[in-house]
Amino acid sequence: MPKRTDIESIMVIGSGPIRIGQACEFDYSGSQACKALNEEGYKTILMNSNPATIMTDFDMADRTYIEPLSAEFATKVIEQERPDALLPTLGAQEGLNIASTLSEEGILEQHGVELIGAKADAIAKAENRTSFKQAMSNINVLYLKSKAVTEVEDALDVADEIGYPVVVRPAYTLGGSGGGSAFNPEELREIATRGISRSRINQVLIEESVEGWKEYELEVMRDPADNVVIICTVENMTPMGTHTGDSITCAPSQTLTDQEYQRMRDYSIDIIREIGVDTGGSNIQFAVNPENGRMIVVEMNPRVSRSSALASKATGFPIAKIAAKLAVGLTLDEIPNDITKETPASFEPTIDYTVVKAPRWPFDKLPGANRGLTTQMKSVGETMSIGRTFEEALQKAVRSLEIGRDGLGSDGNDLPVENVDMDRKLATPTPERVFYVKKALMQGYSVEEVSALTGIDSWFVSRIKSIVEVEEEIREHDSIEEMPKEMIRKAKRYGFSDKQLAHIMNSEESKVRHYRKDQDVESTFKAVDTCAAEFEAKTPYYYSTYEEEDETQQTDEDSIMILGSGPNRIGQGIEFDYCCVQCAYALEEEGYETIMVNSNPETVSTDYDTSDKLYFEPLTAEDILNIIDKEDPEGVIVQFGGQTPLNIAEELEEEDVKILGTSPKSIDMSEDRERFGAMIDNLDLRQPEGGTARSYEEALEVAGKIGYPVLVRPSYVLGGRGMEIVYGEEELESYIEEAIDVSPDKPILIDKFLEEAVEVEVDAVSDGKDVVLGGMMEHTEEAGVHSGDSACVFPPQSISDSAKEEMRRATEAMADELNVVGLMNIQFAVKNDKVYVLEVNPRASRTIPYLSKSTGVQLAKIATKVMTGKTLEELGFTEEVEVDHVSVKEAVFSFSNLPGVDTVLGPEMKATGEAMGIDSDFGKAYYKSQISAGMQLPERGNVFISVRNKDLRTVTLIASNLENLGFNIYATEGTGRKLKNMGVDVEIVPKVSDMERPNIVDLIKSEDIALIINTPVGKGAKSDEFEIRSTAASFGIPYITTLAGATAAVNAIKRMRKGTIRVKPIQEYEEEI
Amino acid sequence: MKAYLALEDGTVVEGDGFGAPGKAKGELVFETGMTGYVEALTDPSYNGQLLMLTYPLIGNYGVNSDDYQSEGIKAEALVIRDLCHNPSNWRSEKTLNQFLVDEGIPGIEDIDTRKLTRKARIHGTMKAVLYVGEEEKDEEELVKEAREQESIKDKENLVAEVCRGETERYEGDGDLEMVMIDCGYKENILKNSVKQGINVTTVPYDTPADQILDMDPDGVMVSNGPGNPALLDKTIETIENLMGETVLYGICLGNQLISLALGAETFKLKFGHRGINHPVKDLETGRVFISTQNHGFAVTEESLEEVGLEISQINLNDDTVEGVVHKDMPIKAVQYHPEAGPGPHDTYFFFDDLKKDLKNGI
């Protein structure tokens, strides 16, 4: 069938900010879709509130709306653009939900917009548990016993019928959020209450538990001619009961016979037809009883998903791209297979390697969080690895995770097993369990025992057992030099890294590497080609393994290698992938052959379309050097992939690899406190007073000298880890006692904390001669809140011209001193118009994409070209851009997925993503940013205020403003009295500790509170505040923890009251600049 | 055990031996399915061939006799990257290694199978020898042996070796009667036919036409089987004599034999089609099916028109002929394996058509 000519313009909805369960895989899918639709000649209208995406780049769609993702705003876009069609299946749950609402409310019909890909009834059928269940019974596919309920009491009745344990699944939520397993009525009551409130339609499903069953996922595609193909099968290592996003998984399926697999395939085809997904991809999950093969369908997602991104990377079959083409009427046989070029897309990929996906959890940043893994997803990112065997792929996946592990254990970082209740460690799903599985096998547990305790299929356990056995063989040798070539090769074939070998052999990585190479044990690279070598691969997409034949082919062109940022995690998210992709585009413009290396399957950077060559590999020195041996690039770019490439930059340099742009030494200098301090003094700049302490006594002395509050942090970790603001001696003592082990070789750093200062962030680019600012951004949270957690505004709203000038001067001076070639990011604090330098990072920062979208300047591209030798003058970027509009970036958190985490903001970053609001003034832009971040600022209702003493004065103004706007003010005793004295009408509410009911938490639970303003007094899980915040988080009530944030919110509410808010594409903003 | 795999181009790879010690000779072919090793090993069409599986981890779900496509292993040897010794599946009866031991079939693992697959793709399928045992082997000697063996093109006994040899009747629960000419049929053809209610009588590949017609069948199925179809004079003659007398269906080798009987030609593909992911397009409906394929020979497209055969289906990867229908006579044949086992069930409708045509008769 030819593509449709009756539609000309298509609207695509992106997935918004990155949250747990909805990450950058949707940028990959959305970007692919936009490119595919453009390629077919359609006008594309894109809506996405996440500025850190490639899909929201200026040339990815014809009209790009960085606007809140809500039905209300989507309606505005539709009214303005009058698209012929809406493609809702590429923007995650968010996109589907909006499409459903628009359809239900008749907006699509009213404006003549056709839903393509999946019609509203198909979406409803798949998403609503009751109708899905009915659909499954229509086609004789087994489904879990279950019943949907909207009342907690009904939930209890249903559970009695089915029998405990039961699983609670809220309808229409992300990543299963709000759900869980209940083993008794008490648990069920709690989980059901939360689930019902979290569901968009206030409905939860009470379901038979299939914990312990084997879990599978199939990616299915259907075209308009009803041809259906399976793209990939995934088998989960952790059985049912743990969210698939929190399970190590592998592709293809391993323990299904062909008969069983074909039955699953038949079901999948029947399901996609019965649900009525017209075209595109769907993900279907199955559970299989390991005892007897009973196979039931668990759920279906009628859209692209995290798994479809994984399946695309795992097989080389670009699901989202093809889905977009099918949506406009093409059939699979009309679309060529990108990799082979000569065969069509109407086939089923077959692979000749094993793919392992491993989740990356955020617990390193969120110490309070409950680490137990359940049906509610907690991981924030993932890595994928490819090997010829499962053992090899698993070890590669683990070392890709950047959790300080160089493989599956025996790397010097093993968890202690003395006095550990191993049975219990095995029985509880946690991030560490896979390491305990290996440890248990080393201790002599049998495969069967481990399998029984963990519920992990014995196939996986016995594969880990092979790793243990090979390790035992390795240990039979006394040194690396005594290991015969065949032994080294075997170790490599089982995925052991040089670092692991070095650890086991008491040697050093570089020694192992050189000896290994002397012995001719070299990695070989094989192509990911969709067809197991049956046809020639024209697209160079490689993975490493230790085999005989290497398939890489080198060209005569000058090539440059870009190192990506690895798995998404808190502090290092999609922003860095955006920069890497921009870098590849820029290098292509400059005529270089680009080589991308990354291990994150969710990203645009690992789309084989993005660069000339793609290596899907761990970002370790060993793996990178292996590629460099083959490719011999002109240089390597380490500036864009966040901390990941920087961690290995010096190692690479030692091996004579040329690093382009700012030298790793300069980067290191900016992170070395003493040298940094010296530089600040030399340049006549200012930084907060500070000192280093090697003992508690020293710490007391330093803190006493500079005066409280102080910012304390350990010196050996960077990026805000273990950082805290301390207000007095007592707190300092407990910080040192509880959190940090201070010793002469592990000193802590103590800095004066600038209270009530405003933080300002600058991104600049330098060519080594000239320095131009990309922009200056003012944080709306006061100093002390991690920059990644703070909302910020461009251009600054409250900074004096003299302070701005001072910051410009400082930026130029530091760029010059550090010999920056490329990007640099500086954090300043401004207090009483004095400028302090807090931190300098001569590399791409989190704010680059946001700033680029706000200014129309592609900073990462310019920085890339500068690194290849172009001057800023040649590139025509000689002046800081001024704009008339305002854009606000707001941080987005995933607290509702992470029970136990204190939601108060501090120097440790907790955000998982960001959203942007852009408009003509601050109030409107801030308002949009808040909606986009999931904080629906109320227009009326009850506001609860509780602040610390020193904030009482300022909060009065905020409260009376709110009162004037018609809000009812509630407060706790202390705050309330003060407000009353100042003439605000306040209702006093008991604290939890007052033992009076209803207290404030009861009020929040009964949803009588629309907004919470709460500046924290102290920290700690037992406090009243903690309970207030976590209840608010789980009930999705907006709460603000700083006065600056509260002031901005009041402004936004005022602005919102004044009139209608309009939408405008960034292309129009760009024209105005 | 040691294992050496030698190819006619001089390549010798050394790996780990498993299964039964011994020597296997034949053509080295690759199959790309990620599941279905039991079905493939027991598929009689692999007679005369060393079966190399491109998926590296083989044996994961063990072996169970329900999945056999004939009574035992028909491939000459198994060539893989990694053998699983600890299978996991509730239906598993034994390990793959044990299966090969029991059947006296040698296997080689721990070698770069992708390299060999690429060789086959680039240079075409090659003759090969696999030695599995304790001895050190002279590599040149093995290469010589690989070279000197007969080409599969010329091997005359392949079908005779796998044909069950006796006439057997299998009851469906209907009154349609079909004779299947057994060139080494796969169990799934029988199962699918019987499931349609058809009573099937299998006869050896060299049964004369009058003997078949004496049984008064509603139609005849020419089965799949190994080797070069052009060497099967007797079967071709039988088919010639059946034409116009009864409904004729063919699968894989059967498709080639029917085409040859009508005067069309066959040729040897460079490296064949072996896998469970091949797209077949039905030219009449425009629909695309994912099919199981296992063939090294194919029907020459240009030779069909003159003999009254129309191309009904093609392979979308290389446009080769996948199905033919006769213009006037009730003759229908497909090159792929509609019966699956292993592979997708997209093409099960073939057996619905079979039932209809048997009913309608000639």
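A residue is described here as buried if 20 or more other C-beta atoms lie within 10 Å of its own, as exposed if 12 or fewer do, and as partly exposed in between, the C-beta atoms being placed from the backbone. The structure is a predicted model, in which local features need pLDDT of at least 70 and side-chain atom pairs count only at pLDDT 80 or more, whereas totals for chains, interfaces and linings use all residues. Residues are numbered from 1 along each chain as its sequence is written, and chains are lettered from A and ligands numbered from 1 in the order in which they are written.

Helices (H or I, at least four residues) and strands (E, at least two) are DSSP runs, numbered from the N terminus. In strand 33 of chain A, residues 913-919, seven of the seven residues are buried. This covering extends to both faces of the strand, since Gly913(A), Ala915(A), Gly917(A) and Asp919(A) on one side are buried, as are Glu914(A), Met916(A) and Ile918(A) on the other. In a regular strand the side chains alternate between the two faces of the sheet. Strand 33 of chain A pairs with strand 32 of chain A (residues 886-892) in the antiparallel sense over seven bridges, where pairing requires that DSSP find at least two bridges between two strands. Opposite Ala915(A) of strand 33 stands Glu890(A).

Helix 12 of chain A (residues 390-400) is largely enclosed by the rest of the structure, because eleven of its eleven residues are buried. Among these buried residues are the charged side chains of Glu391(A), Glu392(A), Lys396(A) and Arg399(A), and the helix is followed by Glu402(A), whose phi is positive, near 55°.

A nonpolar core is taken as a set of buried Ala, Val, Leu, Ile, Met, Phe, Trp, Tyr and Cys residues joined through C-beta atoms within 7 Å. The largest such core has 435 residues, and those with the most contacts inside it are Ile562(A), Ile637(A), Ile969(A), Leu51(B) and Leu130(B). Helix 20 of chain A (residues 574-589) contributes the largest share of this core, eleven residues. Another core, of 17 residues, lies apart from it and includes Val166(A), Ala171(A), Ala192(A) and Ile196(A).

Two residues are in contact if their C-beta atoms, placed from the backbone, lie within 7 Å. On this criterion, 40 residues of chain B are in contact with 46 residues of chain A. Helix 3, strand 15 (266-282) and strand 16 (288-299) of chain B each supply at least two residues of the side that touches chain A, and helix 3 of chain B gives the most, with five residues. By class, this side of chain B has 13 nonpolar, 15 polar and twelve charged residues, with Ala, Val, Leu, Ile, Met, Phe, Trp, Tyr, Cys and Pro counted as nonpolar, Asp, Glu, Lys and Arg as charged, and the others, Gly among them, as polar.

Within chain B, domain 1 (2-149) and domain 2 (164-360) are distinguished, the bounds coming from an automatic or database domain assignment. Their centres, taken over C-alpha atoms, are separated by 28 Å, and 22 residues of domain 1 of chain B are in contact with 22 residues of domain 2 of chain B. Strand 3 (22-31), helix 1 (37-41) and helix 3 (113-123) of chain B each supply at least two residues of the side of domain 1 that touches domain 2, of which the largest share, three residues, comes from strand 3 of chain B.
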